[in-house]
Each structure stands twice: as structure tokens, then as C-alpha cells.
There are 2 protein chains.
Amino acid sequence: MGHKPRKEMIAETRAKLVAAARHAFGTVGYAEASMDDFTASAGLTRGALYHHFGDKKGLLQAVIAEIDAEMLARLKIVSARADTLWQGFVDECTAYIEMALEPEIQRIVLRDGPAVLGDPSQWPSQNECIRSMSENLQKLRDEGTIVAVDPEAAARLISGASLHAAQWIANSEDPEATSKKAVQAFNVLLEGLLKQSRRIGRPQAPAEIDKSLA
Amino acid sequence: MGHKPRKEMIAETRAKLVAAARHAFGTVGYAEASMDDFTASAGLTRGALYHHFGDKKGLLQAVIAEIDAEMLARLKIVSARADTLWQGFVDECTAYIEMALEPEIQRIVLRDGPAVLGDPSQWPSQNECIRSMSENLQKLRDEGTIVAVDPEAAARLISGASLHAAQWIANSEDPEATSKKAVQAFNVLLEGLLKQSRRIGRPQAPAEIDKSLA
DNA sequence: GATAATGACATACGACGCGTATGTCAATTA
DNA sequence: TAATTGACATACGCGTCGTATGTCATTATC
């Protein structure tokens, strides 16, 4: 007993720094988060931070990577348990919007991240979520459910629409009503992807999507 | 002759500050732009800045308001010269993407702005562009071209998709090829808005949209 | 098993940038 | 012409970042 192995101590230090930074970035924002303050809250100093992450931006990258990994895991679960590919895709989009409603994700990933690290489409992590959606769209195209469209392009457009919808919803006066309107409009746009034959007379299921957003 | 009237001098000072800040924000970014530096480049000091704009954020607001006014003016011109409402709407979307390709707009309006001033959907200025799109969608709904959908919701989703598409295009290795893919996918999604009767067998015109993006 | 070397942190220092408080001077107003 | 307003400059203090340096434990070497 007694002391833990070295590797674990180091990993623990890293984790504590990431956790403290994540909390600070998520609440007061990246620019207002004092490195002295949140490293102290983790029982450390900036020395540890610079040793492990190089600088403040490096730490933000680590925080975002952690959040992104969590998002990807959640998306995979959602799409995996759907009955059809199309339903899985729609569910994944819905989950995407739901996640973007969380203040921590909005602040760190959607606002401060792009400002500090540049365009998110260049991040390795964010591309994971996009790639997940792209793969689903590719399969949907292969099975003939949707029209011939570039999967990555569609995925990026849809994720862009989702993210903006989420920010609109989260900051609106009546989030629930806004959510209904956004989801309905979102479904209308997604219908554009479906082939004519499938689209005509096909009952959409906005109610089901809606309840998961409430 | 001789000295200009007082009001003009003051307006000129404000304009010089906004112009200098706009250049600094657009090139090195908001956080890296030193107030001492870019006020000096305008032949002034921070004293003038604090007098007119209160603080650095206030100046960013002024810069964004200026850019947004320009964007709105450009959008109005585009939508006004179209033959049909639907064509005007599509053209406006295209113009939106084109503007979002400009580095200055990407940096100031799309990245630093949200990080410093919060969610853009809360800005008075950004809402002008959205409102312009919303009005067009409202008219399209009234004349029966598109399905029953909340105009503002659709406008926000579409603008979100446009903005992300633009960032994706601007930062891609082959912007031209990426642009083609994005525009094609964008048209597919917009088709979702059209009523079935109009959608079936209706020749789309991606070529025309495409050339304006090249 | 003693010594050297590596690495994980803490401490100390310098520089910069922001905001405010204060000062100055011209232009209006009475 | 005297008083007042307002546009701007100057001066100061404070916080924050990055780096350079120091310390101590762990690991490697013989």
C-alpha cells in the first residue's frame, strides 16, 4: 500500500488539470479563466500546466478533445440502437442538437474553441463526429434511401444547421416552443435528402423526435 | 474653409477607430489585437477609444455592426434583382455563403464575435440578416411555393448550414471542388422546403448557383 | 547500493495589456 | 468674456501570461 505507481500519479495530475480547466472554461469562459486560479483549485500551479500542455491553448485542446470523445461515444450509442439506418441517422441528428444545448458544450466547443483554435472543421476531434454522420449518410446512399449527395457535405451542412438551431433554442425566451419550431423545420430540410419515391405519402414522425427534445 | 465642423471631426475619429480596429481584429484577431497598437495606427490613443466605445468589447460591437450593415445591404441587392421569390431566396443563400467565405467576416463575425459577445442570435445586427431571410420565406409560404414551416426557424437552420459550409469551403484544400459538393448538397436540403407538386420533375439549376460561387 | 540523470512539478521574474483616474485644451454657450 | 462641456491624451496600478530557474523524487547505470 502507500504510494501509487508513478504513471498513475502523472495521469491523475493531468486529469485534475483538465477537469479544473474544463470547469473554469465552461463557467467563466476561456479568456476570463485565470491559470493561477484554476490550477490552484486543483491543488497545483501553472508549472504543472506548462509542463504537460505547453500553454493555455494546449490545455483547451485537451479539454475539447475530452468533451468531443464523450460526444462521439454518445452519438455512437444513439445510432447503434435504432431500427433502421434512416431512423438512426435522424436520432443522431437529434442527439447532436440535444448535446449542443448544454451550456458547457456551447461555451467551450462552439464559441471559445473556434475563436482560440480556429475553424472546427480542421480539428481532428470534431471531425470524428462529422465522420460518424458521414458514414451513416454513405450507407443510406448505398441502400438507396437518400439521393446522390456527397456524404461529408451533407453531414457538415446538417451539423451546422443543428448547432445553430441548438444555440437559438438554448438562448430563446421559450426554449420549448422554439424547439418545436426548429425540429419541425429541421425535418422538412432532412426530407430533401429522401428520394421522391420514399418521400411521397410517407408519414413523418416529428412527434417522436420532439419528445426526446423536450 | 479651414477647420471642418465639430461633428464631422468626431465622426471621423469614430470611423478611424472602427476602421483601425476592424483591420486589427480581422488580421491578428480580437484577443491578439493591442489597443495601444491599433489606436496608434489611427493616430490616436486608447483615451479616444474608451471615450467613444466604453471598452474593447464595445468597439468590437461597433465593428460587427458595421460589417453586418454591409452584409445586409448586399443581401438586399441580391434578393431584389431576382425574377422570382424562390430564385431570390436561393440567390440570397448563395450570397450568404459567399460572404462567409471572406476571411474578415469569418474571423470577426463568425469566430471572435460569438466568443466575446455571446450567441449571435441575440445580436440586434445579425438578426437583421436572419429577418431578411425570414421575410422571404414568409412570402414564399404565402404564395404557396414552400411547405408550412416556421420562417424564422427555417432561416436560422439554413443560415447555420450556410455558415458552416462556408467555413468548410474556405479551409479546405481544394475550395472549388468542396464548393461544388457543398452547393449541391445545399440545394438538396433546400428542396425539402418545396412542395411536392413543385418539386417533382422540376429542373433544378445548380449550375447557375455554382458559377456564382466559383 | 551509490551515483548520475531524467522528469514532474513549484517558484521567481519580466513584460505586456487592460481599465481607470486624472489632466489638458478647444469649442460651445450664456 | 467667462463658464461649461466634451473630446481626447497621459499616468498609474493591477492582473495575467510565458519563461527561466530551482528543487526534489524517481529511475537508470555501474
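In the unreviewed UniProt entry, the annotation "DNA-binding region" is placed on residues 34–53 of chain A. In the model shown here, which is predicted, that span is 75% helix and 0% strand, and the C-alpha atoms at its two ends lie 15 Å apart. The annotation comes from the record, whereas the contacts described in what follows are computed from the atoms of the predicted model.

Turning to the nucleic acid, DNA strand C is surrounded by 19 residues, of which the closest are Thr45(A), His51(A) and His52(A) from chain A, together with Arg46(B) and Tyr50(B) from chain B. Of the atoms of DNA strand C that come within 4 Å of the protein, sugar and phosphate account for 69%. Individual polar pairs on the phosphates can be followed residue by residue: an N or O atom in the side chain of His52(A) is 2.6 Å from a phosphate oxygen of DNA strand C, while on the other chain a polar side-chain atom of Tyr50(B) lies 2.4 Å from a phosphate oxygen of this strand. Ala33(B) takes part through its backbone, with a polar backbone atom 3.3 Å from a phosphate oxygen of DNA strand C. The elements that give two or more residues to the surface near this strand are α1 (6–27) and α3 (46–53) of chain A and α3 (46–53) of chain B. The largest share, five residues, comes from α3(A), and by class the surface near DNA strand C divides into six nonpolar, eight polar and five charged residues.

DNA strand D can be read in the same order. Around DNA strand D there are 18 residues, and those that come nearest are Arg46(A) and Tyr50(A) from chain A, with Thr45(B), His51(B) and His52(B) from chain B. Sugar and phosphate make up 67% of the atoms of DNA strand D that come within 4 Å of the protein. An N or O atom in the side chain of Tyr50(A) is 2.3 Å from a phosphate oxygen of DNA strand D; on chain B, polar side-chain atoms of His52(B) and Thr13(B) lie 2.3 Å and 2.7 Å, respectively, from a phosphate oxygen of that strand. The elements giving two or more residues to the surface near DNA strand D are α3 of chain A and both α1 (6–27) and α3 of chain B. Here the largest share, five residues, comes from α3(B), and the surface near DNA strand D has six nonpolar, seven polar and five charged residues.

The two protein chains also meet each other, in a contact that takes 41 residues from chain A and 41 residues from chain B. The size of an interface is often given as the accessible area lost when the parts come together. For chain B and chain A the buried area is about 3,400 Å², with 66% of it on carbon and sulfur atoms. On the side of chain B, Leu157(B), Trp168(B) and Leu189(B) lose the most area to chain A, and together they account for 21% of what that side buries. The rule for salt bridges finds zero across the interface of chain B and chain A, whereas ten residue pairs, both residues at pLDDT 80 or more, are found in polar contact across it. At least two residues each of the side of chain B that touches chain A are supplied by α6 (103–117), α8 (151–171), α9 (175–191) and α10 (196–199) of chain B. Among these helices α8(B) gives the most, with 15 residues, and by class this side of chain B has 21 nonpolar, eleven polar and nine charged residues.

Side chains of opposite charge can pair when their charged atoms come close. A search of the whole structure finds 18 salt bridges over all chains, and one of them joins the side chains of Arg22(A) and Glu66(A), with an N to O distance of 2.6 Å. Because Arg22(A) lies in helix α1 of chain A and Glu66(A) in helix α4 (residues 56–80) of chain A, this pair ties together parts that are 44 residues apart in sequence.

Methods. Residues are numbered from 1 along each chain as its sequence is written. Chains are lettered from A and ligands numbered from 1 in the order in which they are written. This is a predicted model: local features need pLDDT of at least 70, side-chain atom pairs count only at pLDDT 80 or more; totals for chains, interfaces and linings use all residues. Side-chain values use heavy atoms; hydrogens and water are left out. UniProt positions are given in the numbering used here, feature names are shortened, and annotations may be inferred rather than shown by experiment. Helices (H or I, at least four residues) and strands (E, at least two) are DSSP runs, numbered from the N terminus. A residue is near a molecule or strand if one of its heavy atoms lies within 4 Å of it. A polar contact is a pair of N or O atoms within 3.5 Å; within protein, one must be able to donate a hydrogen and the other to accept it, and residues adjacent in sequence count only if both atoms are side-chain atoms. Ala, Val, Leu, Ile, Met, Phe, Trp, Tyr, Cys and Pro count as nonpolar, Asp, Glu, Lys and Arg as charged, and the others, Gly among them, as polar. Contact means heavy atoms within 4.5 Å. Buried area is the accessible area (1.4 Å probe) that two parts lose on being put together, summed over both. A salt bridge is a side-chain nitrogen of Lys or Arg within 4 Å of a carboxyl oxygen of Asp or Glu.
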